[in-house]
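Student: Can we go through this structure together? I want to know the reasons behind the labels.

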Amino acid sequence: MTNLISKDPREIVAEHLETLRAYATKVLVNGEQLTDEESADKADRFQELQTLCASFDVTEKEIVTLVLKQTMREPKRCGCPTCRARLGLNEEK
């Protein structure tokens with residue numbers, strides 16, 4: 001857990017968001033489960049994030065949106081041969 005006295009609150013928020021995004025990716029994208037330590041850390045970080053964000057009138061829904069932003073997003077693909085090859089669409093005929 002972080003120490004609020006030693007860091008700028010913006011740094012703490014950024015650190016929490018980064019870690020919570022990693023946990024979300026692990027669970028939602030990779031289908032893995034969090035360890036007991038990770039689950040406890042996730043709960044602590046989210047609670048501290050809520051406390052910090054409450055002073056800026058940020059709602060819980062907005063916090064969740066910040067955490068999940070880019071987690072479930074597919075990368076954009078332009079349709080070039082490289083992108084099509086990544087998708088398996090550029091099969092030999």
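Tutor: What follows is a set of questions about labels and the values behind them. Keep in mind that this is a predicted model.

Student: What makes up the secondary structure of the protein?

Tutor: Four helices and zero strands. Read along the sequence, the pattern is α-α-α-α.

Student: Why is Cys 53 called buried or exposed?

Tutor: Take the value first. Cys 53 has 8% relative accessibility. Buried means under 20%. The value 8% is under that cut-off, so Cys 53 counts as buried.

Student: And why does Cys 80 get its label, with a relative accessible area of 27%?

Tutor: Buried means under 20%, and exposed means over 50%. The 27% of Cys 80 lies in between, so Cys 80 is partly exposed.

Student: How many disulfides does a search of the whole structure find?

Tutor: Zero. To count, a pair of cysteine sulfur atoms must be within 2.5 Å.

Student: What is the phi of Asp 57?

Tutor: Near 60°. That is a positive value, and Asp 57 is a residue other than glycine.

Student: Where is Asp 57 found?

Tutor: In the loop between helix 2 and helix 3.

Student: Why is Asp 57 called buried or exposed?

Tutor: Its relative accessibility is 69%. Exposed means over 50%. The value passes that cut-off, so Asp 57 counts as exposed.

Student: What share of the protein counts as buried?

Tutor: Of the 93 residues, 24%. The protein exposes about 7200 Å², and carbon and sulfur atoms supply 52% of that area.

Student: What is the volume of the largest pocket?

Tutor: About 240 Å³. Its lining includes Leu 20, Tyr 23, Lys 42, Phe 46 and Val 64.

Student: Which helices each supply at least two residues of that lining?

Tutor: Helix 1 (9-29), helix 2 (36-54) and helix 3 (60-68). Helix 1 gives the most, with five residues.

Student: How do the residues of the lining divide into nonpolar, polar and charged?

Tutor: Ten are nonpolar, none is polar and one is charged. Look at Lys 42 in the lining. Lys counts as charged, so Lys 42 falls in that class. Tyr counts as nonpolar, so Tyr 23 goes with the nonpolar residues.

Student: Last one. Among contacts between residues at least 6 apart in sequence, how many join residues at least 24 apart?

Tutor: The share is 52%.

Key
Residues are numbered from 1 along each chain as its sequence is written. This is a predicted model: local features need pLDDT of at least 70, side-chain atom pairs count only at pLDDT 80 or more; totals for chains, interfaces and linings use all residues. Side-chain values use heavy atoms; hydrogens and water are left out. Buried means under 20% relative accessible area, exposed over 50%, partly exposed in between (1.4 Å probe, protein chains only). On a 1 Å grid over the protein atoms alone, a cavity is a set of points where a 1.4 Å probe fits but cannot get out, and a pocket is an open set with protein on both sides within 12 Å along at least five of seven lines; lining residues have an atom within 4 Å of a point. Grid points are joined across faces, edges and corners, and a volume is the space filled by probe spheres set on the points. Contact means heavy atoms within 4.5 Å. Accessible areas come from the Shrake-Rupley method with a 1.4 Å probe; for residues, only the protein chains shown count as cover.
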